[in-house]
Amino acid sequence: MESTSPALLDVHGVCRAFPKAGGGELVVLEGVDLTLNQGEIVGLLGRSGSGKSTLLRLISGLARPNGGGVTYLGQPVDGPARGIAMVFQSFALFPWLTVLENVELGLEALRLPPDEIRTRALAAIDLIGLDGYESAYPRELSGGMRQRVGFARALVVHPNVLLMDEPFSALDVLTAENLRTDFLELWSEGQLPIKGIILVTHNIEEAVLMCDRVLLFSTNPGRVVTEIKVPLRQPRDRQDPNFAALVDRIYVEMTARRTDRLAPKLDRIPGTGFAMILPEVPVGLISGLVEAVSAAPYNGRADLPEIASDLQMEIDELFPVVETLQLLRMAEVEGGDIKLTETGKRFANEETDERKRIFARLLIRYVPFASHIRKVLDERHSHTAPKSRFVDELEDHMTPDMAEQTLRAVVSWARFGELFAYDDDTAMFSMENPA
Ligand code: ADP
Ligand code: MG
């Protein structure tokens, strides 16, 4: 039966680019393919900025792709599609409307008779566990309950497809887990008026807990690189070894891509090669991770999922630090493990002064943009240079936002390594210790 019904959604070859301020374009999505079948929860797992929200907007018809297309039940989506509803990270609830009135708003566009609006809204409120709060105002509700109002507002239209954009990520751990559990129970029991779900998340465990398939999304540009099936029965148990094995496998896949992605980038750009977009990772986090991996029980090598949960870091926080360690050759990643190099181990065991010297040498060797700034300052008589000079150079290769981020990263690293100094008030670079 299910094999003969058309896919709920079919996304084929979708591309999306935005014009860059200095000309050219930023390609955010490139050749994205995905299918959502009846009865499925499909996860889209990727880091911030990989284009996940952009993709959901294209699927729901709120925006149009530059290439490729989306079909919903076999029909091209070319405007806001009836039957597709969204759940966001947080909802703009109207503070002057009650819970009931906020949920009824979801039905505004459908032009239903008033008593049907009321009946449906009450049913949605009941379903999502807000019974008794119909006449409460948003300010009287906890964050978790406000998010439930958001869910009710999406469900009240009885959509076929629910697109969920990090719906649990603004909630505290316990509240998020409660809402996930309640939601999954309703879904598994067939009580939700929906036929399929796309869940966008950057939380690996959440993806394994909720989804039938997880699509791993790469960054720059965003595309689906791998699909991982989750053949575990609901309700799932985070303690189940099969659950842990899947979480582990996703870490391996995601970090394997990282290494491929960083290495060629170092010399892919012609000339000075400084057009790398650098993550803004504080030196404190870099030292912290090196120390943690170096110490017992890891002693130089750690399983990434394990150390992530040990340090209570989500992938969005952990991966940039790991990437920076790879970039500086302080650590390597293989098979989902992070392993300190000899330099990394030495760094872990030294006092601050020696750490600074090691760090400065690594910056000069492996961060072309840092050594470029240092060289310019060395060569100039005044040993100073304005920020604008370097921003211009970066903006030939990246968006102004990325240039600003890259500059901030380099400045904070160089400050620790005492490679050069930057004064925010005058917007001038200068030599910390002229040769
Ligand atoms: P994610 O949801 O995975 O965090 P987004 O889809 O929000 O990622 O954004 C992906 C990239 O697209 C980001 O670099 C963002 O700055 C860029 N972007 C998104 N929308 C626009 C827009 N309307 N104009 C220009 N750039 C945009
Ligand atoms: Mg997003």
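In the predicted model described here, helices α14 and α15 cross in a right-handed sense. Helix α14 spans residues 387–395 and helix α15 spans residues 400–417, and the two pack at an angle of about 125° with their axes 9 Å apart. Since an angle between 115 and 145 degrees falls outside the ranges for parallel, perpendicular and antiparallel packing, α14 and α15 are therefore oblique to each other. On the side of α14 the contact is formed by K387, F390, V391, L394 and E395, which meet P400, A403, E404, T406 and L407 in α15. By class, the residues of this contact of α14 with α15 comprise 6 nonpolar, 1 polar and 3 charged.

Both of these helices also take part in covering helix α13, whose buried residues are packed against by elements that include α12 (352–366), β14 (384–386), α14, α15 and β16 (428–430). Helix α13 itself runs over residues 368–379, and its 12 residues reach 16 Å from the first C-alpha to the last, close to the 16 Å expected at 1.5 Å a residue. The residues of α13 that are buried are P368, F369, A370, H372, I373, R374, V376 and L377. With respect to α12, the axes of the two helices come within 5 Å and cross at roughly 100°, an arrangement that makes α12 roughly perpendicular to α13. This contact brings together L363, I364 and Y366 of α12 with P368, A370, S371 and R374 of α13, and its residues divide into 5 nonpolar, 1 polar and 1 charged. P368, A370 and R374 of α13 thus appear both among its buried residues and in its contact with α12.

A further helix pair is formed by α8 (residues 283–294) and α10 (residues 315–327), whose axes come within 10 Å and cross at roughly 80°; α8 and α10 are therefore roughly perpendicular to each other. Residues L285, I286, L289 and V290 of α8 make this contact with L318, V321, V322, T324 and L325 of α10. The contact of α8 with α10 contains 8 nonpolar residues and 1 polar residue, with no charged residues.

Helix α4, at residues 143–155, has 13 residues and reaches 19 Å from its first C-alpha to its last, which is close to the 18 Å expected at 1.5 Å a residue. Of these 13 residues 11 are buried, so α4 is largely enclosed by the rest of the structure. The buried residues are G144, M145, Q147, R148, V149, G150, F151, A152, R153, A154 and L155. They pack against the strands β6 (84–87) and β7 (161–165) and against the helices α2 (99–105), α3 (114–127) and α5 (173–188).

Two individual residues illustrate opposite settings with respect to burial. T54 lies in helix α1, which covers residues 52–59, and with a relative accessible area of 17% T54 is buried, because buried means under 20% relative accessible area. Apart from its neighbours within four places in sequence, T54 is in contact with R16, F18, V28 and L29. Q239, by contrast, is found in the loop between β10 (224–229) and α7 (241–268) and is exposed, with a relative accessible area of 68%. Q239 and L9, which are 230 residues apart in sequence, lie 33 Å apart in space, C-alpha to C-alpha.

Conventions. Residues numbered from 1 in each chain as written. Chains lettered and ligands numbered in written order. Predicted model: local features only at pLDDT ≥ 70, side-chain atom pairs only at ≥ 80, totals over all residues. Heavy atoms only, no water. Helix = DSSP H or I, 4+ residues; strand = E, 2+ residues; numbered from the N terminus. Expected span 1.5 Å × (residues − 1). Buried < 20%, exposed > 50% of the residue type's maximum accessible area, 1.4 Å probe, protein only. Contact = heavy atoms within 4.5 Å. Axes fitted to C-alpha atoms, helices over the stretch in contact; angles between N-to-C directions. Parallel < 35°, antiparallel > 145°, perpendicular 65-115°, else oblique. Left-handed = near helix turned anticlockwise from the far one by under 90°. Nonpolar A, V, L, I, M, F, W, Y, C, P; charged D, E, K, R; others polar.
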